[in-house]
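Colleague: I am new to this structure and would be grateful for a close look at one part of it. Please concentrate on the charged side chains that pair with one another, and then place that part in its surroundings.

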Amino acid sequence: MDNIYLLMIIALAVLAVADLVVGVSNDAVNFLNSAIGSKAISFKTIMIVASVGVAVGAVFSSGMMEVARKGIFNPHEFMFDEIMIIFMAVMITDILLLDFFNSVGMPTSTTVSIVFELLGASVAMSLIKIGHDGGSFTDLVDYINTSKAAEIIFGILLSVVVAFSIGAAVQWVARLLLSYNFEKKANWVGAFFGGIALSSITYFIFIKGLKGTSFADDAFAILNGDTINEFIEHQLTYILLASLVLWSLISYLFITVFKANIYKLIILVGTFALALAFAGNDLVNFIGVPIAGWLSYSTWVASGLPAETFSMGFLADKVATPTYLLVGAGLIMVATLWFSSKAKGVVKTSLDLSSQGETKERFQPNFLSRGFVRFAVLASQMSSYILPESWQKKIDKQFEIPVLNLKKDKTYELPAFDLVRAAVNLMVAAVLISIATSMKLPLSTTYVTFMVAMGTSLADRAWGAESAVYRVAGVLNVIGGWFFTAFIAFIAAALIAYLLNWNVNVMVPVLLLFAAVLLVRNYISHNKKSKELKAEDSLTRAESSSIQGVIHESTNNIANVIKRGNRIYTNAINGLAKQDLSLLKKNKKQVVKLGNEIDELRDNIFYFIKNLDESSVAASNFYINVLGYLQDITQSLEYISKISHKHVNNNHKKLKFSQIKELKEVDERFERLFVNTKAAFDTRSFEEIGVILSRKKEIMDMVTHKIQKQVERTRTEESSPKNTTLYFSVLLETKDLLNATMNLLEEYHNAHDSSVEPATVPDSES
């Protein structure tokens, strides 16, 4: 029996390393979001600063480890064998839950995960004990630290509202004072803002961070016989005032003497502070439970008592975590920060929702988001009635975004937001997290940083009429995911604890194997998706201002649509021939994705037309027509894919051999058409387009002939109405597909001829 506990300790150590990796992948958004979104400093510099912050914060996190030992349950009520089951259930659940959220690119809270996993596993174990002892449900309060658990949960939920509200309020005031032309303001304005921001950030780094270290608790005296902690408590107001004055002077020197951008310094220091706050606050979420398990195991082995009778009451005592474990954890976190591709996906979700400009909206509107937006519009209208018109105009002027005249450079991407918003994000989040950390509350850094970013986005008017309903839907989706995290974490940990208690010798290896298989499967799936995205032929916007430029720019799009359309059409025919439901299902997803990309190009028409020169307005008509034909092609492919999938999915009769043979002949002819078309666009051989157009009648006659043959078969031998309907539908939609393709080719052929050799009429013939 002792061997199983040794196996559990080894497993907890391995799970701790894996949990560090998936945890950092999820939480990197907390401290990278502002610096990456504002493009204030290079990505490499951001990563170096964040890495140093994570490493230092890991060493400062010893005090937070108590949460895993006694924050949720009462240790003295449990024996060693029971506490090991709780810890094992928590770690298996945690790693699988976080990996799931990372794979879908959604930020979730590692703090909420660990709290509700500990709660679920300890409640399950408590109920088992109560049932075994013949107690009642009310005895549960003896086992669970209800007051501390309630305090933690309430603090986490409150942080959502507080972070959003304070973030919005501070950003509104900052923008009102600084506007978007903040770099043109008087030097003292930037210096004063720098003083406030840097004082707020260093409040955590040097005061709250210092209080979390073991040497700050040592009883050596400084002034008036106080320890460091006592000195900070007694002199806090003076320290903050001195810090404000000092940083304001340093900021002023930075601006006037070194001609440096103070906002970039704030972002640099703020990124370090949040990285430090993340490690100091969240490291407990990843290794707190394994360390508590290791401490329990070593104490139990030293006692020599049976596992069933050894009480865990000693976990309630204050125990310092060995520094070498904290350093090791910090190194793993830093390595993950540099190499995790999943971390970048989570960061992208947060940036898309807080972006000042247009982005690809990832979330679809719902009735809640529409309701919130309507309420916000009404509230805005009410405020316009209350405030004097002169005030309203002054406020609106401060929120006017300056027009940027940038050179066309496809490699350059505009920042998601400006330096002021990035600085406010970091300043507010650092203050809120530092206050919670000093109170030994495992506040969710994800909730705070995300909701601060959303609050500043709202106050900064980043959610305009064009994007508000999508952005609010995104925020609601993320928050909904947080509640989902809490519910699933509780249920899953409770279930795993029950299974482990049922037969610990059997279930430990079985559940560990199950977790390993799921993690490997998710890793392979994520890598496969990443490679598919890199290899995929994505459509790009046209940015040229002349018709000739648009022709050449959009040829790649046409070649990609033709290539993907050819594959979709062939897969539909093959799926029908083989009754391959999985192929047809995958095909439906591919055509929907293609349709969405073309919709994005159509959504960009406004910006495309705005970009045109006065002399090149004809390019807009050409581009609009091209997008229309691309949409017609996609709609035909979508219809063919849908009816093919529906036929096989409903288990209707298979098409006859003669029907499949004829469809294969049509597919082969279309294959040649698509391959030749793609080659013509790839090589910019517009003469070849004329040759392809000349074959339109030949292909159309072939399809018409197949339709006529089916009419004859239906009159004489066909017995399946579903087969007949499917066959006619595929061929009729194929004719529409051919027409749309040929119309597209004609548009290019005609536009190229007129743009290369403009028609001129001699004066004598006019």
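Modeller: The account below begins with the salt bridges and then turns to the surface, the aromatic rings and two loops.

The model is a predicted one. It holds 11 salt bridges. A suitable place to start is Glu662, a residue of helix H24 that takes part in a salt bridge with Lys709 of helix H26 (residues 696-716), so parts of the chain that are 47 residues apart in sequence are tied together. In this pair the closest N and O atoms are 3.3 Å apart. How accessible are the two partners? Glu662 has a relative accessibility of 4% and therefore counts as buried, because buried means under 20%. Lys709, at 31% relative accessibility, counts as partly exposed.

Glu662 also meets the side chain of Arg713 in a salt bridge, with 2.9 Å from N to O. Arg713 lies in helix H26 and Glu662 in helix H24, so this pair ties together parts that are 51 residues apart in sequence. Here both residues, Glu662 and Arg713, are buried. Glu662 thus has a salt bridge to Lys709 and a salt bridge to Arg713, and helix H26 holds Lys709 as well as Arg713.

Another salt bridge joins the side chains of Glu597 and Arg564, at 3.1 Å from N to O. This pair links distant parts of the chain, with Glu597 in helix H21 and Arg564 in helix H20 (residues 547-578), 33 residues apart. Glu597 and Arg564 are both buried. Elsewhere, salt bridges form a network that links Arg175, Asp418, Arg421 and Asp460.

Helix H21 (residues 581-603) leads on to the surface, for Lys588 is found in this helix. Which residues accompany Lys588 in a positive surface patch? The patch is formed by Lys588 together with Lys642, Lys646 and Lys722. Lys588 counts as partly exposed, at 31% relative accessibility. Helix H21 therefore contains both Lys588, with its relative accessibility of 31%, and the buried Glu597.

The surface also carries a nonpolar patch, made of Ile48, Val52, Trp338 and Phe339. Together these residues have about 430 Å² of accessible area. Helix H2 (43-59) and helix H12 (323-339) each contribute at least two residues to this patch. Val52 is found in helix H2, and its relative accessible area of 42% makes it partly exposed.

Another residue with an accessible side is Trp188, which lies in helix H8 (residues 187-211). Its relative accessible area is 58%, so Trp188 is exposed, the term being used for values over 50%. The C-alpha atoms of Trp188 and Thr256 are separated by 9.5 Å, although the two residues are 68 residues apart along the chain.

The aromatic rings come next. A pair of aromatic rings is described by the distance of the centres and the angle of the planes. The structure holds 13 aromatic pairs. One of them is formed by Phe73 and Phe78, which are edge-to-face, with 5.8 Å from centre to centre and 80 degrees between the planes. Phe73 and Phe78 are both buried. Ring pairs also link Tyr5, Phe80, Tyr297 and Trp300 into a cluster.

Two loops complete this account. Most residues other than glycine have a negative phi. Where in the chain is Lys259 found? Lys259 is in the loop between helix H10 (236-256) and helix H11 (262-303). Its phi is near 55 degrees, a positive value in a residue that is not glycine. Lys259 counts as exposed, at 68% relative accessibility.

Asn651, in turn, lies in the loop between helix H23 (618-649) and helix H24 (657-682). This residue has a positive phi of about 60 degrees, although it is not a glycine. With a relative accessible area of 67%, Asn651 is exposed. The loop of Asn651 brings the account back to its starting point, for helix H24 is also the helix of Glu662.

Conventions: Residues are numbered from 1 along each chain as its sequence is written. This is a predicted model: local features need pLDDT of at least 70, side-chain atom pairs count only at pLDDT 80 or more; totals for chains, interfaces and linings use all residues. Side-chain values use heavy atoms; hydrogens and water are left out. Helices (H or I, at least four residues) and strands (E, at least two) are DSSP runs, numbered from the N terminus. Buried means under 20% relative accessible area, exposed over 50%, partly exposed in between (1.4 Å probe, protein chains only). Patches are made of residues with over 30% relative accessible area and no salt bridge: like charges are joined within 9 Å, nonpolar side chains (Val, Leu, Ile, Met, Phe, Trp, Tyr) within 5 Å. Accessible areas come from the Shrake-Rupley method with a 1.4 Å probe; for residues, only the protein chains shown count as cover. A salt bridge is a side-chain nitrogen of Lys or Arg within 4 Å of a carboxyl oxygen of Asp or Glu. Lys and Arg count as positive and Asp and Glu as negative; His and the chain ends are not counted. The place of a charge is taken as NZ of Lys, CZ of Arg, CG of Asp or CD of Glu. Rings of Phe, Tyr and Trp (its six-membered ring) pair if their centres lie within 6.5 Å; planes under 30 degrees apart count as stacked, over 60 as edge-to-face and the rest as tilted.
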